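Good morning, and thank you for making time on the agenda. I would ask you to keep the structure on the screen while I speak.

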Protein chains: 2
Amino acid sequence: MRLYDYTHAPNPRLVRMFLAEKGIDVPLEAVDIAAGENRRPQFLEKNPMGGLPVLELDDGTHIAETVAICRYFEERHPEPPLMGRDPEDKARVEMWRRRMELEIALPVMQCFRNTSEFFAGRLPQNREYGETCRAHALRRLEWLDEVLSDREYVAGEHYTIADATALMGIDFGKVADVRPGEAQKYLRRWHETVSARPSANA
Amino acid sequence: MRLYDYTHAPNPRLVRMFLAEKGIDVPLEAVDIAAGENRRPQFLEKNPMGGLPVLELDDGTHIAETVAICRYFEERHPEPPLMGRDPEDKARVEMWRRRMELEIALPVMQCFRNTSEFFAGRLPQNREYGETCRAHALRRLEWLDEVLSDREYVAGEHYTIADATALMGIDFGKVADVRPGEAQKYLRRWHETVSARPSANA
């Protein structure tokens, strides 16, 4: 088994954090996105979408998509549960994980992709759309601050994949000028708590 | 228990198809998106994102996000399995479900949202972004046709949530001028097969 990985991208970090919380050690193999290695035929055979990370199982099967990789490990190594404890909790964690992904992490990535110098000339950019995404992510941080006013973690009492997803999206926000505001004290308290976990450095 | 629903939107259809495949009957309550009922405070208390569908449990808990609602029913009523049969299969189904959602259904919805007369004046539109999404979805239909050349269903041998997600996205493509091409014979064969299931009319 091996995990195709890239240190500087947000999705691979999410899987590394997930594995660290579970205490699972998987050999990593670096694929250099900046050098375009993920667009080469050899990698596209593993994941035709070109995205990282990708998990290679011992029988040669490839599992792409961050949350699918996390699902594999959650099923194989249920403890500690990071994707919910019973049907209702699993549904609630999935809801919060998706909100963190689609309302925060994805707009941050789209903003970066559409406004950053890094992608200029590599990909068609739509600056107006990038700015819409930035504004959307910033509004959602305000909302998340409110959500966190009555709970310790994003999905309730326990640390889950929703927290790892939010941390991944918010920390990547640095490159898109999306930062928690000074006044967002609940969000800042949460950020300090989850950043202090060893998994945050995975 | 009740499901807040809207007949004409794609995500509520996906949950209705999922329930039909499971043989589960849940009382529906209509929320009229066209009349803006999903943006009223009473509904935003159920789902602050304003999206449909939303599942209301008997204890008053609300579960939003289509796949989270499906997860709830998959856990409560495992047969027939629509989200995978063992850890590896669950990961594979999740991977294909996400590809169908993020590579086809979401670009179709974004195209509709950014180019349709329906949203003109209701939401800020970015026509160029809408056209990028249309082109992306059309390219992915080409790819999906190839994927389906060696298998019956999107994730392999069994009908799963990945098929329901693809059907939802592709059928909604009508409003965004994203249609399978005449030459895409594997995609058309698949579309005919899954459309013939009773769940397609749910």
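**A predicted two-chain model**

I begin in a loop of chain B, where B:Glu65 sits between E4 and H3. Before I go further, please note that the model is predicted. The phi angle of B:Glu65 is near 80°, which is a positive value in a residue other than glycine. Is this residue buried or exposed? B:Glu65 is buried, because 24 other C-beta atoms lie within 10 Å and the cut-off for that class is 20 or more.

A second positive phi in a residue other than glycine occurs at B:Asp177, with a value near 60°. B:Asp177 belongs to the loop that runs between helix H6 (161-172) and helix H7 (185-195) of chain B. For B:Asp177 the count is 13 other C-beta atoms within 10 Å, so this residue is partly exposed.

Let me stay with backbone geometry and turn to chain A. The peptide bond that leads from A:Leu52 to A:Pro53 is cis, and its omega is near 0°. A:Pro53 is found in the loop between helix H2 (41-44) and strand E3 (54-56) of chain A. The peptide bond from A:Glu79 to A:Pro80 is also cis, here with omega near -15°. A:Pro80 is placed in the loop that joins helix H3 (66-76) to helix H4 (87-115) of chain A.

I now come to the strands of chain B. Strand E1 (residues 2-5) of chain B pairs with strand E3 (residues 54-56) of chain B in the antiparallel sense, over three bridges. In what sense does E1(B) pair with strand E2 (residues 28-30) of chain B? That pairing is parallel, and three bridges make it up. B:Tyr4 can serve as a reference point for both pairings. Opposite B:Tyr4 in E3(B) stands B:Val54, and opposite B:Tyr4 in E2(B) stands B:Glu29. Helix H1 (residues 10-22) of chain B joins E1(B) and E2(B) in a β-α-β unit, and this unit is right-handed.

Next, the domains. Chain A is divided into domain 1, covering 2-76, and domain 2, covering 87-201. Between the C-alpha centres of these two domains of chain A the separation is 21 Å. Their contact draws eight residues from domain 1 of chain A and 11 residues from domain 2 of chain A. Which element gives the most to the side of domain 1 of chain A that touches domain 2 of chain A? The answer is helix H1 (residues 10-22) of chain A, with seven residues. By class, that side of domain 1 of chain A holds six nonpolar residues and two charged ones, and no polar residues.

The remaining part of my talk concerns how the two chains meet. Chain B and chain A each bring 29 residues to their contact. On the side of chain B that touches chain A, the elements giving two or more residues are strand E4 (62-64), helix H3 (66-76), helix H4 (87-115) and helix H5 (127-147) of chain B. H4(B) gives the most to that side, with nine residues. Sorted by class, the side of chain B that touches chain A has 15 nonpolar, 11 charged and three polar residues.

How are the copies related? Chain B is superposed on chain A by a rotation of 180° with 0.0 Å of shift along its axis, at an RMSD of 0.0 Å. The two copies are thus related as by a two-fold rotation axis. Moreover, 100% of the interface residues of chain B are also interface residues in chain A, so the copies meet through the same surface.

Which residue of chain B comes closest to the rotation axis? It is B:Tyr129, whose C-alpha comes to 3.4 Å from that axis. B:Tyr129 is part of helix H5 of chain B. This tyrosine, B:Tyr129, counts as buried because there are 22 C-beta neighbours inside 10 Å. Setting aside neighbours within four places in sequence, B:Tyr129 is in contact with A:Asn126, A:Tyr129 and B:Asn114. Along the chain B:Asn114 and B:Tyr129 are 15 residues apart, and their C-alpha atoms are separated by 7.1 Å.

I would close at that point on the screen: B:Tyr129, in contact with A:Tyr129 among others. Thank you; I am glad to take questions.

Conventions: Residues are numbered from 1 along each chain as its sequence is written. Chains are lettered from A and ligands numbered from 1 in the order in which they are written. This is a predicted model: local features need pLDDT of at least 70, side-chain atom pairs count only at pLDDT 80 or more; totals for chains, interfaces and linings use all residues. Domain bounds come from an automatic or database domain assignment. Two residues are in contact if their C-beta atoms, placed from the backbone, lie within 7 Å. Helices (H or I, at least four residues) and strands (E, at least two) are DSSP runs, numbered from the N terminus. Ala, Val, Leu, Ile, Met, Phe, Trp, Tyr, Cys and Pro count as nonpolar, Asp, Glu, Lys and Arg as charged, and the others, Gly among them, as polar. Copies are superposed by least squares on the C-alpha atoms of residues with pLDDT of at least 70 in both. A residue is buried if 20 or more other C-beta atoms lie within 10 Å of its own, exposed if 12 or fewer, and partly exposed in between; C-beta atoms are placed from the backbone. Two strands pair if DSSP finds at least two bridges between them. A crossover is right-handed if, with the strands pointing away from the viewer, the path from the first strand over the helix to the second runs clockwise.
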